[in-house]
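Hi everyone, thanks for coming. Today I'd like to walk you through one protein chain, a piece at a time, so please keep the picture in view while I talk.

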Amino acid sequence: MPRPRRPRRIYGPPRFRHFKPVGVPRRLLDTVTLTVDEYEAVRLADYEGLDQQPASERMNISRTTFSRLVDGARRKLAAILIEGKELRIEGGDVDFAHTLQLCRDCGDEELRETAVADEGTDTDEACPACGSENVEDLALAAMRGRGGRGRRQGS
Ligand SMILES: [Zn+2]
């Protein structure tokens with residue numbers, strides 16, 4: 001029987017979730033999905049430049065698991081660059097420490113801690129910069145794809 005997996009801890013949601021090569025007709029594009037935990041592994045290892053041990057601790061997983069995760073993510077990214085694929089970043093069994101709230105009207109971005117208590121209730125907060133209620137919660141948005149089982153899904 002498979003053991004239930006601990007959700008992987010993610011600092012915050014990806015700011016950009018959809019990439020596509022220029023000049024390739026849609027019908028010819030294959031889509032590759034990078035899960036949010038794969039995105040976080042690449043962010044920690046290759047963007048922040050952390051060694052695998054501290055990076056794995058940030059995500060609350062073993063070093064071996066982190067190593068497998070980042071290898072798989074790099075292979076996907078290499079195929080995307082070389083073969084020209086569409087990339088979506090979504091889903092995964094993850095737990096966000098922060099979310100980004102993006103105002104669709106003025107472009108203001110707010111990084112907020114995600115507390116269990118406010119799970120699913122914070123998307124109707126107004127923008128602190130302009131007062132608009134057209135605010136998107138990027139952690140929720142990242143989990144809206146297929147297979148998402150994040151803690152901030154389903155509100
Ligand atoms: Zn605003």
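Let me begin with a question: which residue in β4 is the bridge partner of Val32? It is Leu87. Before we go on, please remember that this is a predicted model.

That pair belongs to a bigger pattern, so to speak. Strand β3, residues 31-34, runs parallel to β4, and the two are joined over 4 bridges. Another place to spot this pairing is Leu34, which stands opposite Ile89 in β4. Now look at strand β2, residues 18-19: this strand pairs with β4 in the antiparallel sense, over 2 bridges. Here you can find His18, with Arg88 as its bridge partner in β4.

Put those pieces together and you get an open sheet of 3 strands, ordered β2-β4-β3, with mixed pairing. β2 and β3 are the edge strands; each has a single partner strand, so one side of each is left without a neighbour in the sheet. Helix α3 packs on this sheet and touches β3 and β4, and its direction makes about 150° with that of β3.

Let's stay with β4 for a moment. Which of its side chains are buried, and which are not? Along residues 86-89 they alternate: Leu87 and Ile89 point to one face and are buried, while Glu86 and Arg88 point to the other and are not. So Leu87, the partner of Val32, sits on the buried face, whereas Arg88, the partner of His18, points to the other face.

Next, helix α2. Its buried residues are Ala55, Ser56 and Met59. If you look down the axis of α2, these buried residues fall within an arc of 100°, so they line one face of the helix. And what covers them? The cover includes β1 (8-10), α1 (36-47) and α3. On the face turned away from the buried side, you will find the exposed residues Gln53 and Pro54.

Right after α2 comes Asn60, in the loop that leads from α2 (52-59) to α3 (63-83). Asn60 has a phi near 65°, a positive value in a residue other than glycine. Is Asn60 buried, exposed or partly exposed? It counts as partly exposed, because it has 13 C-beta neighbours inside 10 Å.

Now let's move further along the chain, to strand β6, residues 98-103. One face of β6 is covered and carries Thr99, Gln101 and Cys103, while the uncovered face carries His98, Leu100 and Leu102. β6 pairs with β7, residues 109-113, in the antiparallel sense over 5 bridges, and Leu102 stands opposite Glu109 in β7. The hairpin of these two strands has 5 residues between them, and there Gly107 takes a positive phi near 85°. β6 also pairs with β8, residues 135-137, again in the antiparallel sense, over 3 bridges. In that pairing, Gln101 has Asp137 as its bridge partner.

Finally, let's step back and view the chain as a whole. It has 4 helices and 8 strands, and along the sequence they follow the pattern β-β-β-α-α-α-β-β-β-β-β-α. Of its 155 residues, 27% are buried. And among contacts with a separation of 6 or more, 72% join residues 24 or more positions apart. That's my tour, and thank you for listening!

Definitions and conventions: Residues numbered from 1 in each chain as written. Predicted model: local features only at pLDDT ≥ 70, side-chain atom pairs only at ≥ 80, totals over all residues. Buried ≥ 20, exposed ≤ 12 C-beta atoms within 10 Å, placed from the backbone. Pairing = 2+ DSSP bridges. Contact = placed C-beta atoms within 7 Å. Axes fitted to C-alpha atoms, helices over the stretch in contact; angles between N-to-C directions. Arc of directions from axis to C-beta.
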